[in-house]
Amino acid sequence: MHAYGVFDKLVRACRIGLHYRVDFRIAYRYDTHMIRSFRHAGLERFYRTDSKAGILPAHAQKLRRQLTLLDASASPQDMDVPGWHLHALKGRLAGHWSVRISGNWRVTFSFEDEDAILVDYQDYH
């Protein structure tokens, strides 16, 4: 990823209250992991354009925080934020992880190397 992409991610992270200390001269060296694929088209549209079509608007603020952190994460444990209830899934979703949005709604994802893949938005209970 080039330095401008890193800058855009940091600006988006600052908008939602995450704080980073980055030397912009070498920022591109630190940002090698990212979200590589989505299962949920509405979630991908929200992530890329901020369009709330396809998600529940009440979830937008928390989803933005979760997706920003997921994009910067290198492993599932990076998503272990108090109140998000990170846990590994079992059964047909074995190998995937989940964080709580609200009620029964979750963001589920898996990791391949240091990249998040198959990111989904679902009411799975």
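**Sheet, helices and salt bridges in a predicted model**

User: Happy to look at this predicted model with you. In what order do the four strands of the open sheet stand, and what is the sense of the pairing?

Analyst: Let's start with the sheet as a whole. The model is predicted, and in it four strands make up an open sheet with antiparallel pairing. Their order is 1-2-3-4.

User: Which strands stand at the edges of the sheet?

Analyst: An edge strand can be spotted by its partners. Two strands here have a single partner strand each, so one side of each has no neighbour in the sheet. These are strand 1 (87-88) and strand 4 (115-123).

User: Which residue in strand 2 is the bridge partner of H87?

Analyst: Strand 1 and strand 2 (residues 97-102) run antiparallel and are joined by two bridges. In one place, A88 stands opposite W97 of strand 2. For H87, the bridge partner in strand 2 is S98.

User: And which residue in strand 3 is the bridge partner of S98?

Analyst: Good follow-up! Strand 2 also pairs with strand 3, in the antiparallel sense and over five bridges. On that side, the bridge partner of S98 in strand 3 is T108.

User: Which residue takes a positive phi in the hairpin of strand 2 and strand 3?

Analyst: The place to look is the turn. This hairpin has two residues between the strands. The residue with a positive phi, near 55 degrees, is G103.

User: Which helix lies across strand 2, strand 3 and strand 4?

Analyst: The helix in question spans residues 60-72. Its direction makes an angle of about 155 degrees with strand 2. Lying across strand 2, strand 3 (105-112) and strand 4 is helix 3.

User: How are helix 2 and helix 3 oriented to each other?

Analyst: The axes of helix 2 (residues 41-49) and helix 3 come within 11 Å. They cross at roughly 80 degrees. Angles of 65 to 115 degrees count as roughly perpendicular. Helix 2 and helix 3 are therefore roughly perpendicular.

User: How many residues of the contact of helix 2 with helix 3 are nonpolar, polar and charged?

Analyst: From helix 2 come L43, F46 and Y47, which meet A60, L63, R64, L67 and D71 of helix 3. Sorted by type, the residues of this contact are six nonpolar, no polar and two charged.

User: R64 also forms a salt bridge; which residue is its partner?

Analyst: R64 counts as buried, at 19% relative accessibility. Its partner is partly exposed, with a relative accessible area of 31%, and sits in the loop between helix 2 and helix 3, 14 residues apart from R64. The closest N and O atoms are 3.3 Å apart, and the partner is D50.

User: How many residues apart in sequence are the parts that E112 and R36 tie together?

Analyst: The side chains of E112 and R36 meet in a salt bridge, 2.1 Å from N to O. E112 lies in strand 3 and R36 in the loop between helix 1 (3-15) and helix 2, so the parts they tie together are separated in sequence by 76 residues.

User: Is D115 buried or exposed?

Analyst: D115 forms a salt bridge with R36, with 3.1 Å between the closest N and O atoms. R36 itself is partly exposed at 35%. D115 has 11% relative accessibility, and therefore counts as buried.

User: Which residues are joined into one network by salt bridges that share partners?

Analyst: The structure holds four salt bridges. R36 meets E112 in one, and D115 in another. The residues of the network are R36, E112 and D115.

Notes:
Residues are numbered from 1 along each chain as its sequence is written. This is a predicted model: local features need pLDDT of at least 70, side-chain atom pairs count only at pLDDT 80 or more; totals for chains, interfaces and linings use all residues. Side-chain values use heavy atoms; hydrogens and water are left out. Two strands pair if DSSP finds at least two bridges between them. Contact means heavy atoms within 4.5 Å. Axes are lines fitted to C-alpha atoms, for helices over the stretch in contact, and angles run from 0 to 180 degrees between N-to-C directions. Angles under 35 degrees count as roughly parallel, over 145 as roughly antiparallel, 65 to 115 as roughly perpendicular and the rest as oblique. Ala, Val, Leu, Ile, Met, Phe, Trp, Tyr, Cys and Pro count as nonpolar, Asp, Glu, Lys and Arg as charged, and the others, Gly among them, as polar. Buried means under 20% relative accessible area, exposed over 50%, partly exposed in between (1.4 Å probe, protein chains only).
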